[in-house]
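Trainee: I should be grateful for a close look at one part of this molecule. Would you please take a single strand and describe what surrounds it?

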Amino acid sequence: MRTLLAVLALSLSLPALAGDIDEAAALAALERSDTVLIDVRTPKEIADGAISGAKFIEYDKIDAHIAEVAPNKDTPIVLYCQSGRRAGIAQDNLKGLGYRQVINGGGYDDLKTALEKD
């Protein structure tokens with residue numbers, strides 16, 4: 001019974017591990033001119049502020065619209081949302097589509113602050 005509970009607990013935690021935030025990698029990628037910055041938040045969240053130059057694609061629509069902003073699957077892509085969770089989901093989806101350089105930049109406030117310090 002303990003083994004079953006341990007396996008269940010581990011399997012429930014795996015989605016949380018996918019798409020981990022890597023702010024340092026995001027900042028380094030954003031120094032490149034060919035990096036695409038994508039805000040995966042809702043229009044309501046974006047209305048409260050966004051990072052300059054970001055493209056807007058809601059995380060649950062990223063599969064359908066990514067080719068419009070990054071047709072080349074080797075394009076460096078940095079994603080952000082409110083906390084990093086939805087960006088992680090979008091990152092996993094893009095990797096599943098074959099995109100090779102996708103970074104979860106984390107939450108809007110944290111990434112914006114880090115960019116302002118840079």
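**Strand S1 and its surroundings**

Mentor: In S2, the residue paired by a bridge with Ile38 is Lys55. The model is a predicted one, and this bridge is a convenient place to enter it. Ile38 belongs to strand S1, which covers residues 36-39. Between S1 and S2 there are two bridges, and the pairing is parallel. Further along, Asp39 stands opposite Phe56 in S2.

S1 also pairs with S3, again in the parallel sense, this time over four bridges. Here Val36 is found opposite Ile77 of S3. In general, the strands of a sheet pair through backbone hydrogen bonds, in either a parallel or an antiparallel manner. The whole sheet is open and consists of four strands in the order S2-S1-S3-S4, with parallel pairing. Its edges are formed by S2 (55-56) and S4 (102-107), each of which pairs on one side only.

Let us turn to the faces of S1. Both are covered: on one side Val36 and Ile38 are buried, and on the other Leu37 and Asp39 are buried as well. Helix H4, residues 62-69, lies across S1, S2 and strand S3 (77-81), and runs at about 150° to S1. Helix H5, residues 85-96, packs on the sheet too, where it touches S3 and S4. The direction of H5 makes about 145° with that of S3.

Asp39 deserves a second look, for its side chain meets that of Arg41 in a salt bridge, at 2.7 Å from N to O. Both Arg41 and Asp39 are buried. The structure holds six salt bridges, and two others may be set beside this one.

One of them joins Glu58 and Lys61, whose closest N and O atoms are 3.4 Å apart. Glu58 has a relative accessible area of 22%, so it counts as partly exposed. Lys61 is likewise partly exposed, because its relative accessibility is 39%.

The other joins Asp74 and Arg100, with the closest N and O atoms 2.6 Å apart. This pair links distant parts of the chain: Asp74 sits in the loop between H4 and S3, whereas Arg100 sits in the loop between H5 and S4, 26 residues apart. At 37% relative accessibility, Asp74 is partly exposed. Arg100 reaches 55% and therefore counts as exposed, since the cut-off for that class is over 50%.

To return to S1: this strand pairs with S2 and with S3, and both of its faces are covered.

How values were computed
Residues are numbered from 1 along each chain as its sequence is written. This is a predicted model: local features need pLDDT of at least 70, side-chain atom pairs count only at pLDDT 80 or more; totals for chains, interfaces and linings use all residues. Side-chain values use heavy atoms; hydrogens and water are left out. Two strands pair if DSSP finds at least two bridges between them. Contact means heavy atoms within 4.5 Å. Axes are lines fitted to C-alpha atoms, for helices over the stretch in contact, and angles run from 0 to 180 degrees between N-to-C directions. Buried means under 20% relative accessible area, exposed over 50%, partly exposed in between (1.4 Å probe, protein chains only). A salt bridge is a side-chain nitrogen of Lys or Arg within 4 Å of a carboxyl oxygen of Asp or Glu.
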